[in-house]
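Please look through the sequence and the model below; the paragraphs that follow lead from one end of the chain to its interior.

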Amino acid sequence: MPIQILMPALSPTMTDGKLAKWHKKEGDAVESGDVIAEIETDKATMEIEAVEEGVLGKILVAEGTEEVPVNQVIALLLEDGEDVTALEGGLEGAAEAPAPAAPPPPADS
């Protein structure tokens, strides 16, 4: 079953953050300790390192997405011997990031 990569909490008070940049793309091999993404908060930008190894199977949250809740699944990592067909089972409980809210229509004057 694919490993779910979650949006980390970079501080005790963090509730969401911006997924600023992916350093790996789908299909890339990932080793433990590799920098896979950059996360921004209102106070800092931090690099996120992989804690497992495998192949980045599916990115669920696009670069530049703001207000990604802590602990939301942001990507799926395929373990050794898994292929893309395993991704279907790895999506259980993983909701893709909601689309950004549309701005409200202008008020009639």
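**From the N terminus to the core**

M1 counts as exposed because its relative accessibility is 60%, and exposed here requires a value over 50%. The model is a predicted one, and in it M1 is placed in the segment before β1 (3–6). Although M1 and L87 are 86 residues apart along the chain, their C-alpha atoms are separated by 7.7 Å.

Taken as a whole, the chain contains 8 strands and 1 helix, and its elements follow the order β-β-β-β-β-β-β-β-α when read along the sequence. Among contacts in the chain with a separation of 6 or more, 57% are accounted for by residues 24 or more positions apart. Of the 109 residues, 32% count as buried, while the accessible surface of the chain comes to about 6900 Å², with 51% of that surface belonging to carbon and sulfur atoms.

Turning to the interior, the largest nonpolar core has 18 residues, and the members that touch the most others are I5, I36 and I74. At least two residues of this core are supplied by each of β2 (16–22), β4 (35–40) and β8 (73–78). I5 itself, once its neighbours within four places in sequence are left aside, is in contact with I36, L56, Q72, V73, I74, A75 and L77. Separate from this largest core, there is a second core of 5 residues, which includes L60, V73, L76 and L78.

Conventions: Residues are numbered from 1 along each chain as its sequence is written. This is a predicted model: local features need pLDDT of at least 70, side-chain atom pairs count only at pLDDT 80 or more; totals for chains, interfaces and linings use all residues. Side-chain values use heavy atoms; hydrogens and water are left out. Helices (H or I, at least four residues) and strands (E, at least two) are DSSP runs, numbered from the N terminus. Buried means under 20% relative accessible area, exposed over 50%, partly exposed in between (1.4 Å probe, protein chains only). Contact means heavy atoms within 4.5 Å. Accessible areas come from the Shrake-Rupley method with a 1.4 Å probe; for residues, only the protein chains shown count as cover. A nonpolar core is a set of buried Ala, Val, Leu, Ile, Met, Phe, Trp, Tyr and Cys residues joined through side-chain atoms within 4.5 Å.
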